[in-house]
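Hi,

Here is the structure I promised to pass on. Have a look at it first, and my notes follow underneath.

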Amino acid sequence: MQITDGVAAAKVLAGLLVSDAPRPEYLEAFRPFAPLIGSWDLDVSWYDENGDVTRTTKGEWHFAWALDGSALADIWITPSRAARPTDGDGEWGLTIRIHDPALDAFRSTWMGLKHAVVMTFIGHSQADTITLEAREPRSAKTRWIFTDVTPTTFHWRNEDEDATGNITVRQRFSATRQA
């Protein structure tokens, strides 16, 4: 079957990308991410080196099971599509997460389209926190951390740790589940 129509191709790709549920063999591994499945409204803040807020906007974040239920995909958008007329064009980020049983951890790749950034992470979960650490050689160790996950809210932060152990928060998201 040859598909040359863009709309038809998009429907085929979306149908192949998104899954209804995780595969049974991944159910336990992905349990920390299960509460995130769905769509979220964000209050987004960026911080400078001194910890002062430099900018705020609204955002959105969408999570779904992916790739025949063997992965988790998400897209976050800042500013949100609704806020673009006032806040301008921003970042669309796509993440694919898989479980690596050999590491007993998540491998995660994030692609930020605006600046053509690709970051890979290794992620672990604890009781109420999911921490993803970047694997690229950089001057700072980058962590993306999900905390306070409830059925209707969660918090996320992007922080860097320099070689001396000083931590600088770069960005925070406060998420509320869309109705």
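The largest cavity in this predicted model has a volume of about 30 Å³. With the cut-off set at 30 Å³ or more, the count comes to one cavity.

Which residues line the largest cavity? You'll find Trp61, Asp74, Trp76, Thr95, Arg97, Trp110, Trp144, Phe146 and Trp156 around it. Sorted by character, that lining splits into six nonpolar residues, one polar and two charged. As for the strands behind it, E4, E5 (91-100) and E9 each supply at least two of the lining residues.

Now for the open space. The largest pocket has a volume of about 390 Å³, and 21 residues line it. Strands E4 (71-78), E7, E9 (141-147), E10 (153-161) and E11 (167-177) are the elements that each give two or more residues to that lining. Which of them gives the most? That's E10, with three residues.

If you want to find the middle of the pocket on screen, pick out Trp46, Trp76, Trp110, Asn158 and Gln171, the lining residues that lie nearest its centre. Trp76 and Trp110 may look familiar: both are also in the lining of the largest cavity. The pocket lining is made up of eight nonpolar, six polar and seven charged residues.

E7 deserves a closer look, as it gives two or more residues to the pocket lining and also pairs with strands on either hand. How do E6 and E7 run relative to each other, parallel or antiparallel? Strand E6 (residues 105-112) and strand E7 (residues 117-125) are antiparallel, and seven bridges join them. One of the pairings puts Gly112 with Val117 of E7 as its bridge partner. Four residues sit between the two strands of this hairpin, and Ala116 there takes a positive phi near 55°.

E7 is also joined to strand E8 (residues 129-134), by five bridges and again in an antiparallel arrangement. Here Phe121 stands opposite Ala134 in E8. How many residues lie between the strands of the E7 and E8 hairpin? There are three.

If you only have a minute, start with Trp76 and Trp110: they are among the residues nearest the pocket's centre, and they help line the cavity as well. After that, follow E7 from its hairpin with E6 to its hairpin with E8.

Cheers

Methods:
Residues numbered from 1 in each chain as written. Predicted model: local features only at pLDDT ≥ 70, side-chain atom pairs only at ≥ 80, totals over all residues. Heavy atoms only, no water. Pairing = 2+ DSSP bridges. 1 Å grid on protein atoms, 1.4 Å probe; cavity = no way out; pocket = protein on both sides within 12 Å on 5 of 7 lines; lining within 4 Å. Points joined across faces, edges and corners; volume = space filled by probe spheres on them. Nonpolar A, V, L, I, M, F, W, Y, C, P; charged D, E, K, R; others polar.
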